[in-house]
Amino acid sequence: MRPLPLSGTAKAITGTIEPGRRLLRLRAAETGAVDEADIALIRHDGDLAMARVRGFTKAVLFDDSSTTDVTDFALVAHIDPRFDYLADGDVMALDPGSGRFRVLYRRGSKNNTFLVTERCNHYCLMCSQPPRKVNDGWIVDEITACIDLIDPATQSIGFTGGEPLLEGRRFLSLLTKMRERLPETSVHVLTNGRAFADDTVATAWAEIHHPDLWAGIPIYAAVDHIHDYVVQAQGAFDETVLGILRLKDKGQRVEVRCVLHAITAPRLKETCEWFARNLPFVDHVALMGLENTGFALANQESLWIDPVDYADDLASGVQTLRAAGVNVSVYNLPLCVLDRSVWDVAVQSISDWKNAYLPVCEGCSVRDRCSGFFSTGRPRISRGIRPISDQ
Amino acid sequence: MAGFRDAAAYNPTAGLQLLPIRFEQLQPNRYLVNNFVGDGLLLTRQELDRVVGLDLSPGDGLYERAFEKLLVSVKGQQSQLQLLAMRLRSRMAFLQQPTALHIFVVTLRCEHSCPYCQVSRRCVDRERYDMSSDTAIRALRVALSAPPPTIKIEFQGGEPLLNFPLIRQIVETARRDVPSGKMLEFVIATNLALLDDDVLDFCRENSVLLSTSLDGPADLHNRNRPRPGSNSHQLATEGIRRAQSALGRDRIGAFMTTTEASLERVEGIIDEYLKLDLDGIFLRPLSPYGFAIKTKQFNKYGGREWLKFYERGLRYILDINKNGRHFPEFYATLLLKRILTDVPIGYVDLRSPAGIGLGALVYNYDGKVFASDEGRMLAEMGDRTFELGDLATDDYRSLILSDKLIELVGGSLSQCSPECASCAFEPYCGSDPVYHHATQGDPVGIKPLSEFCARQKSVLRLLIELLDDSPEDAAVLRGWVSR
């Protein structure tokens, strides 16, 4: 199980282009160059001839895919064939000086997510993207530029962190640009929601008037000290709940997310009852299996619980939420560890680039509608994993 | 990588505070502890003492339960209070849409002569006891000027089909005059004895619902509901079947009234409803109005006997549901909605402030306007306490803002009535000023002497214990609410 590589270093960069990180949109050679940022995808010599005809001045070659002379191009990046999944319309950031590059957007994927900042005011025990105290304000600028290169037909874009709202106004401006430039694209922001406890932030968010903007906000327990412990921040529960209330008061879409592990699972039933009674108006509740990567690895001892051991409480929690008319989904958990009563809400939630299945899944009859596993980190395998044969 | 802090580092840094709670002993060592939006928690005496004394620490289990049920908060926290405020607003949101129900008493005449008749029906004198067309048009003008987006018009009697031409006229005029954007619903409360194809065609064409009386098997029903020919049961059941096939199974509902003769026969009554494929049953006690008082029907059994009847019936109904048939008891369903959700309740008798006027207005055949159906029943007995005005001179505003109604509504808040204010069941209950006025001469009444109060407490207690003690029953009860 290995995730799709999204960043790397080019084997060689040639050309006369000036140094400095830049955004490049990959184009099939037969399409015409339309923008300064366009770079031709060269898979064979024919592509190269076509790129010249179309007037491309930049090209990506997959390793030894060509031995032809390319000195007439202003920029040529030779990159590893592991990246040959790259396709027309994808966007990458490349620093010609160091050769380092990162794939920012894949047009064919449903899971395009931008990391807005690595800074966070939480320090969650199971964080899959451990925060860092760095000055990374440039990232918002890069994303803002990237939006110009994204296909307007893209179904959805996610923003994550760190805590995106730490970028405050600049991030809200970015969302405004999303609405202007990509009005058909659903936007899903993962935030801890605390910023919305401040009415001015919640109001500014609402005033973007985005047609399909979601705030995905975690609540790990209905008890202050449990939530605060999980996110390692005193007072977080109080602010997060207030933030959700403010957003809903302004008619904004909110998804509540609860990651299940040994600290949250013991009160899962009660947490779901609390959601049903106190937040029945949220637009979605996601009950999520743990991704065993990042901090979750460091805290395995206190976090690991076999999903089989909370399956009954999960079924009961889902039932409670359904009865209250709450839209609920189960994320990241394979069907074989779940009670059958929740199969219809167990979705294939794991992003394509880090989604995998086990050898034992080969003979399973429901594999093609199962979430499978995270290929990131060090996956821990439930004792309940087995092929389902009677479907 | 910085280190992680252990759980104890996130214990509250300020002291705890108790949020408003009320409690009631259910069993020797079992207490219902409730906040004012109905998050009930069942605790032992020792646990109750610890909650009240704030003798709680994170991790002891009781802290967590009390916090989740919004019984306690940490000083300085806002979210617990905001959640309570928001949910209270939601539970009382029925106030945002006053007067959705408008009852037209199109005639007081009836061809039945039920001794328990609560409206004191008349058998003669069309001139005197039928609503006039002029009165009906005035009533309609008031009804259509009420604020809610959906206006429900219910035709009552007597037997309203004795004045069917007026019903036709009202429905047609209402459809013509309804302000754009408003929806209309119509219900005829009828004994079905006069149901014919004309009426059924009319109901189908105008999406009119039917509501009828069915007291149980033939002998019981006919004894309770005498009419010439002693065929009330036959006419009612035939009418139900005809209406079901002509209008649809869900377009007709039936109500039963419990008399002394019903007390030992709850299973038979329920079976009768099942046999007729009705979608549930409302086990109702007799109310202290009209002939029910005059003929002393009301005093023939006590609250205790009715409760035994109700509990036996409810358990029988639960068994039916456990065997796979969805068949709710509607009174339990109403209370369960109060227990399990914050959905504002439409039922006018389970509200606080009371549903008088704010929930319904009643236009009597003679043009008088009443704050509730029971209010006009009292007026037929000579007590005009709940008469708000007259269609000859009043409009919606003058009725709803009348000093009389404001005073009656203002006095009806269970949240601050004696006994109710400290009652753990208060969030699930409501205020019935007409009942207390009728039985005790005071709209608030002395609750320990109130059969309404005793009945509410007992049924609620039963439901809460079933929800907690019996997973199978609880699943059925929850199913009634979520449908």
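In this predicted model, the centres of domain 2 and domain 3 of chain B, taken over C-alpha atoms, are separated by 23 Å. The contact between them draws 26 residues from domain 2 of chain B and 24 residues from domain 3 of chain B. On the side of domain 2 of chain B that touches domain 3 of chain B, at least two residues each are supplied by helix 12 (303-322), helix 13 (330-340) and helix 14 (373-380) of chain B. That side of domain 2 of chain B is made up of 16 nonpolar, 5 polar and 5 charged residues. The domain assignment behind this description places domain 1 of chain B at 13-89, domain 2 at 98-400 and domain 3 at 410-469.

Further along chain B, attention turns to a pair of helices. The axes of helix 18 (residues 451-469) and helix 19 (residues 471-482) of chain B come within 6 Å and cross at roughly 120 degrees. Helix 18 of chain B takes part in this contact through B:Leu463, B:Leu466 and B:Leu467, while helix 19 of chain B contributes B:Asp473, B:Ala474 and B:Leu477. By class, the residues of the contact comprise 5 nonpolar, no polar and 1 charged.

B:Leu463 also belongs to the next part of the picture. The largest nonpolar core of the model has 242 residues, and B:Leu463 is listed with A:Ala59, B:Phe104 and B:Leu335 as having the most contacts inside that core. For A:Ala59, the neighbours can be named: leaving aside residues up to four places away in sequence, A:Ala59 touches A:Ile39, A:Ala40, A:Ile42, A:Ala51, A:Val70, A:Phe73 and A:Val76.

Chain A has its own division into domains. Its assignment gives domain 1 (7-104) and domain 2 (112-374), and the C-alpha centres of these two domains of chain A lie 35 Å apart. Each of the two domains gives 7 residues to the contact. Strand 3 (22-28) and strand 7 (91-94) of chain A each supply at least two residues of the side of domain 1 of chain A that touches domain 2 of chain A. The residues of that side of domain 1 of chain A divide into 5 nonpolar, 1 polar and 1 charged.

Chain A also contains an open sheet of 7 strands, which pair in parallel in the order 9-10-11-12-13-14-15. Its edges are formed by strand 9 (112-115) and strand 15 (328-331) of chain A, each of which pairs on one side only. From one strand to the next, the twist averages 25 degrees. Within this sheet, strand 12 (residues 213-218) and strand 13 (residues 253-259) of chain A run parallel and are joined by 5 bridges. Across this pairing, A:Ala215 stands opposite A:Val254 of strand 13 of chain A.

It remains to consider how the two chains meet. The contact involves 22 residues of chain B and 22 residues of chain A. On the side of chain B that touches chain A, the elements giving two or more residues are helix 2 (62-68), helix 3 (79-91) and helix 19 of chain B. Helix 3 of chain B provides the largest share of that side, 4 residues. The side of chain B that touches chain A consists of 9 nonpolar, 8 polar and 5 charged residues. Helix 19 of chain B thus appears both in the contact with helix 18 of chain B and among the elements of chain B at the contact with chain A.

Technical notes. Residues are numbered from 1 along each chain as its sequence is written. Chains are lettered from A and ligands numbered from 1 in the order in which they are written. This is a predicted model: local features need pLDDT of at least 70, side-chain atom pairs count only at pLDDT 80 or more; totals for chains, interfaces and linings use all residues. A nonpolar core is a set of buried Ala, Val, Leu, Ile, Met, Phe, Trp, Tyr and Cys residues joined through C-beta atoms within 7 Å. A residue is buried if 20 or more other C-beta atoms lie within 10 Å of its own, exposed if 12 or fewer, and partly exposed in between; C-beta atoms are placed from the backbone. Two strands pair if DSSP finds at least two bridges between them. Axes are lines fitted to C-alpha atoms, for helices over the stretch in contact, and angles run from 0 to 180 degrees between N-to-C directions. Domain bounds come from an automatic or database domain assignment. Ala, Val, Leu, Ile, Met, Phe, Trp, Tyr, Cys and Pro count as nonpolar, Asp, Glu, Lys and Arg as charged, and the others, Gly among them, as polar.
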